[in-house]
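Please look over the chain shown below, with attention to how its strands are arranged and to a few loop residues. The briefing is meant to be read alongside the sequence and the coordinates.

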Amino acid sequence: MGVSSEKFGVADLHETYTSEDTLVGMRSVDWVEVPPQSTVNFKSGGYHVMLSKHEVKVGDEIEFNVKLSNDKSKSFSCKANDVKATTY
Ligand SMILES: [Cu+2]
């Protein structure tokens, strides 16, 4: 699947990774595979959608559009939480 956000223009799929020397970084991925009958979670320390170019304020509602491999797409929105929030 790929992802886009109209408001942000640039929305990238990223994954957080740890290298052998335990350096944490993130890298861009072109797609995320969701195996049949299973779930892939986007969460802190794993897959995430990277937004740039616009400021996000707490409480902002952000619309995303996910493109699936069968050429269908799905929209959803997320509310921006404080970075210190521990629940989503
Ligand atoms: Cu990232």
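The points below go from the whole chain to its sheet and then to single loop residues.

This is a predicted model, and its protein chain has six strands and zero helices. Buried residues make up 1% of the 88 residues in the chain, while an open sheet of three strands, in the order E3-E2-E4, gives the description its centre.

**Overall chain**

- Read from the N terminus, the elements of the protein chain follow the pattern β-β-β-β-β-β, in keeping with the count of six strands and zero helices.
- The C-alpha trace of the protein chain spans about 35 × 35 × 25 Å along its principal axes.
- Of the contacts in the protein chain with a separation of 6 or more, 44% are accounted for by residues 24 or more positions apart.

**The open sheet**

- Three strands form an open sheet in the order E3-E2-E4, and their pairing is antiparallel.
- Strand E3 (24–28) and strand E4 (47–51) each have a single partner strand and stand at the edges, so each is left with one side that has no neighbour in the sheet.
- From one strand to the next, the twist of this sheet averages 40°.
- Strand E2, which covers residues 11–18, pairs with E3 in the antiparallel sense over five bridges, and within this part of the sheet His 14 has Ser 28 in E3 as its bridge partner.
- In general, the strands of a sheet pair through backbone hydrogen bonds, in either a parallel or an antiparallel way.

**The loop between E3 and E4**

- Trp 31 is found in the loop between E3 and E4, and it counts as exposed because it has 12 C-beta neighbours inside 10 Å, where the cut-off for exposure is 12 or fewer.
- Although Trp 31 and His 14 are 17 residues apart along the chain, their C-alpha atoms are separated by 9.2 Å.
- Gln 37 also has its place in the loop between E3 and E4, and its phi is near 55°, a positive value in a residue other than glycine.
- Gln 37 counts as exposed because it has 5 C-beta neighbours inside 10 Å.

**The loop between E5 and E6**

- Asp 71 lies in the loop between strand E5 (61–67) and strand E6 (73–79), and it has a positive phi of about 70° although it is not a glycine.
- With 6 other C-beta atoms within 10 Å, Asp 71 is exposed.

Methods. Residues are numbered from 1 along each chain as its sequence is written. This is a predicted model: local features need pLDDT of at least 70, side-chain atom pairs count only at pLDDT 80 or more; totals for chains, interfaces and linings use all residues. Two strands pair if DSSP finds at least two bridges between them. Helices (H or I, at least four residues) and strands (E, at least two) are DSSP runs, numbered from the N terminus. Axes are lines fitted to C-alpha atoms, for helices over the stretch in contact, and angles run from 0 to 180 degrees between N-to-C directions. A residue is buried if 20 or more other C-beta atoms lie within 10 Å of its own, exposed if 12 or fewer, and partly exposed in between; C-beta atoms are placed from the backbone. Two residues are in contact if their C-beta atoms, placed from the backbone, lie within 7 Å.
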